[in-house]
Structures are given as structure tokens and as C-alpha cells.
Amino acid sequence: MTRPPFEEQPETPPGGFVSFGARDVPPGEKPALVRGVFDAVAGRYDLMNDLMSGGAHRVWKDIVIARANPQPGELLLDVAGGTGDLGLRWMRAGAKTSARRGGPPASAVVSDINADMLTAGRARRGARDVMWLQADAEKLPFADASADCVTIGFGIRNITGRAAALAEMRRVLRPGGRFLCLEMSHPTTAALEALYRRFSDHVIPALGKMAAGTSEPYRYFVESIRRFPDQQTLAGEMRAAGFARVAFTNFGGGVAALHTGWAL
Ligand SMILES: C[S@@+](CC[C@H](N)C(=O)[O-])C[C@H]1O[C@@H](n2cnc3c(N)ncnc32)[C@H](O)[C@@H]1O
């Protein structure tokens, strides 16, 4: 079912459908559609991230891991971790802390539902330092309270059952553990919103066509961002999932946002 322009489209459509970009689809169909998107882009995913964000995603991910602040012996679970950007950064930051302060090294599991994304990640430098695991964020194969930190970068928007995934990420965190969710969000001024809309409509699909040979997955990215809840709404969903002291920081005037919470 194709719906009218984005301004009129709720993120949760009526009639038991869920959003997949500009379309509304039955919930059971969305995971395969999302998988198709990431199958199509896995080999060019890292390059496209750089092109679409002008490299800004690297800075935002550095900030996520600086805020996560890995300590010796701590375990990170990076959910929807794709090619491992956050897991690899956690390991590098953790190694520096252990070298300075002593103690056992930190460790990281990068989990993702998509085998092609994990395969692209396993080919990267440093990949052997992290564990790679194919897993659905809605059913994490980890014991309660088993992780010191859980991150999800640009992943929550792609998950069909966001409430289930948030509950799972809360469940696997130990008391005192921290949760950091980096995601595209909504610009906070009308001027920036207008500029960003033009960039999203024209530049991103063109970049996709040029670099990855197809614009379709990138149209999905643009449309899924528009229909994703705003900063306050996501913060509310995190509280409903049981996270405490929920806060968020806007990046690039709200183009992206880092939401944080604690398991208490
Ligand atoms: C935009 S990529 C983000 C990858 C990485 N975290 C990063 O920041 O570069 C989104 C990822 O979410 C994954 N994903 C989508 N639905 C998922 C689910 N239900 N469980 C786990 N991963 C999922 C996709 O396979 C994809 O790798």
C-alpha cells in the first residue's frame, strides 16, 4: 500500500501494518524487505556511509564510544552492528584504557541479523578482536544481565518490533550497565529541515546510484528516517522499556541523535 507524502504519514500506520520506507506492509514482511536492502548494499555500506554523511558518522560513532567509556574486562554487545564500526571502536578504546590502567582487556560481540553485513565486517582490519554473531535484536541469545554496555548504531529504525528489541537490550544489561542508541533523527529548526529534505530527496539517491549502482535502498533510508519517531518519542519508548535516566544529545542540529539510558 503506497501512502501520500511523508508529512501525512504516521510511523505506525493503521490496520496492523508497519512502515517500510514510504510503504506500509504487514509486520511479517518487513524483516525480509529490510534484509533485501542490506543484502543490496553490504559490500558498499561503509563507503556509502561516508558519502552520505560527509564522514560525520565517524565522528558521531567516536562520541558514542567516548561516552560508553569501556573499562578493563567489560563486555559490549553491539546490536544491529552491521560491519562493526562501534564494536571495533570499543575494542580500540578499551585497549588504550587497559594499557594505561592494567586489568583484563575489554571484549565485544557484534550481532546483526544480516549475514552479508557480518561478512563485510569480518574482512575489516581488527575484525578478529571482536566476536561476530548472527542474531535478531528482538530475540537476543544472551542471558539476563550479561553485558556491561549495549550499543545500537543506525539499527533501531530498521527493526520491525522496536519495543521488543528495546526490552531485549534492557534485559541483557547488568544493573548499572549503560545503553547508547545512535540514530538518524529530526532537525530541530525549519530551515535545517528544509535543507536536509532537499539533500535527502536529491543528493542521497544520486550518490547511491553512483557508488552502489542503485538508488532504491537509499530511498528506503531516506523514507525510513522521515517516519522514525522524534527524539522525545524515542526517549519515551526507552523509558517504557525500563531504561532509567534517559537523555539524548542532538548531532548536526538533530539530523542524528544519541539516546542514552541506564539499567538500574
Ligand atoms: C544502517 S545498518 C547499521 C550498521 C552499524 N550499526 C553501523 O552503525 O554502521 C542497520 C543494520 O541493522 C540490521 N538489522 C535490521 N533488522 C535487524 C534485526 N531485527 N536484528 C538485528 N539486526 C537488524 C541490518 O542488517 C543492518 O546491518
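Start with the whole chain on screen. With 264 residues, a compact globule would have a radius of gyration near 18 Å, and this chain comes out at 18 Å, so the two agree. Keep in mind that you're looking at a predicted model. The C-alpha atoms fill a box of roughly 55 × 40 × 35 Å along the principal axes. Switch to a cartoon view and you'll find 9 helices and 9 strands. How much of the chain counts as buried? The figure is 44% of the 264 residues.

**Stop 1: the sheet**

Color the strands. In what order do the 7 strands of the open sheet sit? Reading across, you get E5-E4-E3-E6-E7-E9-E8, with mixed pairing. The edges are E5 and E8 (244-251), each of which pairs on one side only. On average, neighbouring strands here are turned by 15 degrees against each other, if you ignore direction. A bit of background: strands of a sheet pair through backbone hydrogen bonds, and they can do so parallel or antiparallel.

**Stop 2: strand E4**

Now select residues 107-112, which make up E4. Is this strand mostly covered or mostly open? It's mostly covered, with 5 of its 6 residues buried.

Next, add E3 (residues 75-79): this strand runs parallel to E4, and 4 bridges join them. To see one pairing, pick Leu75 and look across to Ser107, its bridge partner in E4. Then show helix H4 (residues 85-101), which together with E3 and E4 makes a right-handed β-α-β unit.

Carry on along the chain from E4 and you pass through helix H5 (residues 115-122) to reach E5, in a β-α-β crossover that is right-handed. E5 covers residues 131-134 and runs parallel to E4, joined to it by 4 bridges. Try selecting Asp112 here: its bridge partner in E5 is Gln134.

**Stop 3: over to E8 and E9**

Jump to the E8 edge of the sheet and select E9 (residues 256-262) along with E8. Do these two pair in the parallel or the antiparallel sense? They're antiparallel, over 6 bridges. For a pair to click on, take Asn250 and its bridge partner in E9, Ala257.

**Stop 4: around the ligand**

Finally, center the view on the ligand. How many residues surround it? There are 18, and the closest are Ala80, Gly82, Asn114, Ala137 and Gly153. Try coloring this shell by class: you should get 8 nonpolar, 6 polar and 4 charged residues.

Definitions and conventions
Residues are numbered from 1 along each chain as its sequence is written. This is a predicted model: local features need pLDDT of at least 70, side-chain atom pairs count only at pLDDT 80 or more; totals for chains, interfaces and linings use all residues. A residue is near a molecule or strand if its C-beta atom, placed from the backbone, lies within 6 Å of it. Ala, Val, Leu, Ile, Met, Phe, Trp, Tyr, Cys and Pro count as nonpolar, Asp, Glu, Lys and Arg as charged, and the others, Gly among them, as polar. A residue is buried if 20 or more other C-beta atoms lie within 10 Å of its own, exposed if 12 or fewer, and partly exposed in between; C-beta atoms are placed from the backbone. Two strands pair if DSSP finds at least two bridges between them. A crossover is right-handed if, with the strands pointing away from the viewer, the path from the first strand over the helix to the second runs clockwise. Axes are lines fitted to C-alpha atoms, for helices over the stretch in contact, and angles run from 0 to 180 degrees between N-to-C directions. The radius of gyration is taken over C-alpha atoms; the globule rule is 2.2 Å times the number of residues to the power 0.38.
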